[in-house]
Amino acid sequence: MSITTTAAVIETGGGAFELGEVQLDAPRPHEVLVRLVAAGICHTDLGVASGALPFPLPGVLGHEGAGIVEQVGEDVSGVRPGDHVLCSFASCGGCDNCRQGHPAYCRTWLPLNLIGGTRPDGTSPVRRGEQELGAHFFGQSSFARLAIVAERSIVKVDANAPLELLAPLSCGVQTGAGAVWNVLAPRPGDHVLITGAGAVGLSAVMAARLTPAAAIIAVDRVPERLDLAKDLGATHIIDASSEKVADALASITGGAGVHGAVETTGNVGVLRTTVEALAPRGTSVIVGAPPFGTTVELDVNAMIPGRTVTGLTLGDSEIQTLIPVLVDLVTSGRFPLDKLVRFYDFTEINTAVAEMTSGSAIKPVLRF
């Protein structure tokens with residue numbers, strides 16, 4: 001039995017989102033049918049929609065879904081109809097990284113989430129007439145009023161939690177927060193550098209504020225975003241459009257360097273700046289993703305004093321552990337996510353994309 005719903009479909013790379021009817025399969029044994037209440041828009045969605053990644057099109061994107069369970073597959077035990085849920089990334093649950101608590105590094109992460117467009121068996125849960133569409137994006141494809149979601153992508157939340165506000169926790173927010181908490185783990189007195197004051201960078205700022213870091217340094221080129229970073233917990237801000245970042249960092253740290261850095265811009269020049277700013281034994285976390293094949297030159301001898309450069313996927317999060325913590329922090333007011341979010345009706349998806357692309361919206365969230 002198929003289920004008809006409305007989805008935002010990308011027909012070809014570089015095209016606009018087009019709303020239209022699609023058909024969904026009934027949930028399989030380990031799948032959940034979710035009625036979407038909200039879905040955040042992430043730069044990863046825009047990268048795929050532009051045709052920059054080999055996701056099969058026409059397709060349905062969206063990977064920061066929040067909604068209410070409508071149906072569950074026969075083997076689903078963690079949620080039931082009526083439960084409020086957030087939809088995050090997919091993982092197999094059986095590989096070594098999943099078993100060791102690192103599902104963001106699942107051995108099958110790329111096909112399950114970013115480029116596959118199908119379930120693991122090669123079928124799509126979304127069709128338009130006789131045509132299968134690229135779907136199962138991050139195990140959900142939540143730019144639709146209803147979505148078939150992989151059970152391992154589902155996190156149950158309290159029925160009183162504000163789903164519309166919490167949708168971004170599923171990707172961007174947990175990425176920024178996880179970079180700070182799971183990788184840098186600032187010690188008392190540490191200096192933390194965050195380059196880029198978008199949704200991920202500002203989430204890192206808010207996460208760092210909840211640690212014993214002595215200095216939280218935010219760098220961007222947009223004064224309004226730097227003001228927001230300061231409001232959210234940055235102790236120092238650097239306007240890269242008018243200041244020499246390296247000199248400003250040397251002044252703030254007394255020439256000692258920063259203990260940890262989170263690079264969110266995807267600019268390799270900025271990445272190199274973060275590495276060169278590290279103190280001995282410091283770590284720079286790569287979050288921002290430039291085009292595939294991009295390389296960066298580093299001074300090898302400068303790395304020998306224990307400096308580390310590490311990549312990061314989705315905050316190295318175990319979603320059943322981290323997302324509930326973030327939910328509690330947001331709902332208690334200690335993680336003021338509302339200052340990043342701008343809401344749009346689902347029918348305004350292309351307006352939301354345009355305003356995100358221009359920089360006028362930090363974190364667009366679609367409401368259904």
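This briefing describes a sheet, a helix and a pocket in the structure shown above. The model is a predicted one. Its features include an open sheet of 5 strands, a helix, H12, that spans residues 349-358, and a pocket, the second largest, with a volume of about 280 Å³.

**The open sheet**

- The 5 strands of this open sheet follow the order S4-S1-S2-S7-S8, and their pairing is antiparallel.
- At the edges of the sheet lie strand S4 (59-60) and strand S8 (131-132), each of which pairs on one side only.
- Strand S2, made of residues 17-24, runs antiparallel to strand S7, made of residues 126-128, and 2 bridges join them.
- Leu 24 has Val 126 in S7 as its bridge partner.

**Helix H12 and its surroundings**

- Within helix H12, the residues Ile 349, Ala 352, Val 353 and Met 356 are buried.
- When H12 is viewed down its axis, these buried residues fall within an arc of 100°, and they therefore line one face of the helix.
- The elements that cover the buried residues of H12 include strands S1 (3-10) and S2, helix H1 (43-49), and strands S17 (341-345) and S18 (363-367).
- After H12 comes Gly 359, which has a positive phi, near 95°.

**The second largest pocket**

- This pocket is lined by 14 residues, of which His 30, Glu 31, Pro 120, His 136 and Ala 150 are the closest to its centre.
- Sorted by class, the lining of the second largest pocket consists of 6 charged, 5 nonpolar and 3 polar residues.

Terms used: Residues are numbered from 1 along each chain as its sequence is written. This is a predicted model: local features need pLDDT of at least 70, side-chain atom pairs count only at pLDDT 80 or more; totals for chains, interfaces and linings use all residues. Side-chain values use heavy atoms; hydrogens and water are left out. On a 1 Å grid over the protein atoms alone, a cavity is a set of points where a 1.4 Å probe fits but cannot get out, and a pocket is an open set with protein on both sides within 12 Å along at least five of seven lines; lining residues have an atom within 4 Å of a point. Grid points are joined across faces, edges and corners, and a volume is the space filled by probe spheres set on the points. Ala, Val, Leu, Ile, Met, Phe, Trp, Tyr, Cys and Pro count as nonpolar, Asp, Glu, Lys and Arg as charged, and the others, Gly among them, as polar. Two strands pair if DSSP finds at least two bridges between them. Helices (H or I, at least four residues) and strands (E, at least two) are DSSP runs, numbered from the N terminus. Buried means under 20% relative accessible area, exposed over 50%, partly exposed in between (1.4 Å probe, protein chains only). The arc is that of the directions from the helix axis to the C-beta atoms. Contact means heavy atoms within 4.5 Å.
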